[in-house]
Amino acid sequence: MQESRGVRGVKSAARTVALLELLAERGEEPSRLDQLAEDLDVPRSSMYQLLQTLVDSGWVRTDATGSLYGIGIRALLTGTGYLDGDRRIRVVRPYLDEASDALGETIHMARLDGRDVVYLATRESHEYLRTISRVGRRVPAHAGALGKALLAERADDELPLGDGPLTGLTANTHTDRAALLADLAGVRERGYSVDREETVPGIAGFGFALRYGTPAMDAISCSVPVARLTPEHETRIISVMSDIRTRIEFQLPPVSGVDWR
């Protein structure tokens, strides 16, 4: 049981949060009672009572037999409330539309959360099928344009990467820390990050940190199939996205430290 600001955590609340996060992480893959009890190291009887409470309130859903469990619709409503209540997301959304119209590509906004980035908004290209990056999706920060743009805003000794191995999503993902640090040095020099099939095979990305926070927590990116990424198109992507970033930052004056969005 951890303490925060001198307040001891509530065991039942901690279990509830852990359960909801686990079900959300598994997405479309349902879980059984015994599996959840084992994964979270909770007695089977306690897990059953917790699940039934969450099913009754809509946070967890179950099948007709009552043996399979998944995340419920209440989680969607809460997530939508987060997005709707964030002024910065509201300000950025029209600029994502503008960038998508100008470039004909998929544009994203994401926020750093620990070792990952979480997608907050996406404007899809009509030219190719959806990639893995949808709203609410978590991706390791070291593995793509959005995350690398945000990591580069921090000193190497302050990177939120932990001590464990770096996960590889594709053959091109940086799993070697020295290679990642060299890449981040290039991001700082250029002012934007480049992802060449590091998150999704066949997709390149260009990431731009939004520096209205110190350190930056949000970033935008443009994703494009490598099959049509000509040098001319890459130059235009960088130009359009750089301009979009400048205009967003003008609309959202910089703040330091933690603020209420």
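**Note on the six-stranded sheet and its side-chain contacts**

1. Strand E6 is mostly covered, since seven of its eight residues are buried; strands here (E, at least two residues) and helices (H or I, at least four) are DSSP runs numbered from the N terminus, and buried stands for under 20% relative accessible area, exposed for over 50% and partly exposed for what lies in between, with a 1.4 Å probe and protein chains only. The model is a predicted one, in which local features need pLDDT of at least 70 and side-chain atom pairs count only at pLDDT 80 or more, whereas totals for chains, interfaces and linings use all residues. Residues are numbered from 1 along each chain as its sequence is written, and side-chain values use heavy atoms, with hydrogens and water left out.

2. On one pairing, E6 runs antiparallel to E12 and is joined to it by six bridges, where strands count as paired if DSSP finds at least two bridges between them. Within this pairing, Ala-110 stands opposite Ala-219 of E12. E6 is also joined to strand E7 (residues 116–123), again in antiparallel fashion, by seven bridges, with Asp-113 standing opposite Asp-116 in E7. The hairpin of E6 and E7 has two residues between the strands, and Gly-114 takes a positive phi near 65 degrees there.

3. These pairings belong to an open sheet of six strands, whose order is E8-E7-E6-E12-E10-E9 and whose pairing is antiparallel. Strand E8 (138–140) and E9 are the edge strands, each of them pairing on one side only. From one strand to the next the twist averages 30 degrees, the axes being lines fitted to C-alpha atoms (for helices over the stretch in contact) and the angles running from 0 to 180 degrees between N-to-C directions. Further along the sheet, E10 and E12 run antiparallel and are joined by eight bridges, and Phe-206 has Cys-222 in E12 as its bridge partner.

4. The search of the whole structure finds 15 salt bridges, a salt bridge being a side-chain nitrogen of Lys or Arg within 4 Å of a carboxyl oxygen of Asp or Glu. One of them brings the side chains of Arg-111 and Asp-218 together at 2.6 Å, N to O. This pair links distant parts of the chain, with Arg-111 in strand E6 and Asp-218 in strand E12, 107 residues apart. Arg-111 is buried, with a relative accessible area of 7%, and Asp-218 counts as buried at 0% relative accessibility. Asp-86 also enters the picture, as it is linked with Arg-111 and Asp-218 in a network of salt bridges.

5. A further salt bridge is formed by the side chains of Arg-228 and Glu-105, which meet at 2.7 Å, N to O. Arg-228 lies in the loop between strand E12 (218–225) and helix H8 (231–251), and Glu-105 in the loop between helix H5 (87–103) and strand E6 (106–113), so this pair ties together parts that are 123 residues apart in sequence. The partners should be described separately as regards exposure: Arg-228 counts as partly exposed at 28% relative accessibility, whereas Glu-105 counts as buried at 2%.

6. Glu-198 and Lys-148 form another salt bridge, their closest N and O atoms being 2.9 Å apart. Here too the pair links distant parts of the chain, with Glu-198 in the loop between strand E9 (193–196) and strand E10 (203–210) and Lys-148 in helix H6 (residues 145–151), 50 residues apart. Both Glu-198 and Lys-148 are buried.

7. As for aromatic contacts, the search of the whole structure finds one aromatic pair, under the criterion that ring centres of Phe, Tyr and Trp (its six-membered ring) lie within 6.5 Å, with planes under 30 degrees apart counted as stacked, over 60 as edge-to-face and the rest as tilted. The pair consists of Tyr-192 and Phe-208 and is stacked, at 5.6 Å centre to centre and 25 degrees between the planes. Tyr-192 lies in the loop between helix H7 (177–190) and E9, and Phe-208 in strand E10, so the pair ties together parts that are 16 residues apart in sequence. Tyr-192 counts as buried at 16% relative accessibility, and Phe-208 counts as buried at 0%. Arg-190 lies over the face of Tyr-192, at 5.3 Å from the ring centre; a charge sits over a ring if NZ of Lys or CZ of Arg is within 6 Å of the ring centre and within 35 degrees of the ring normal.
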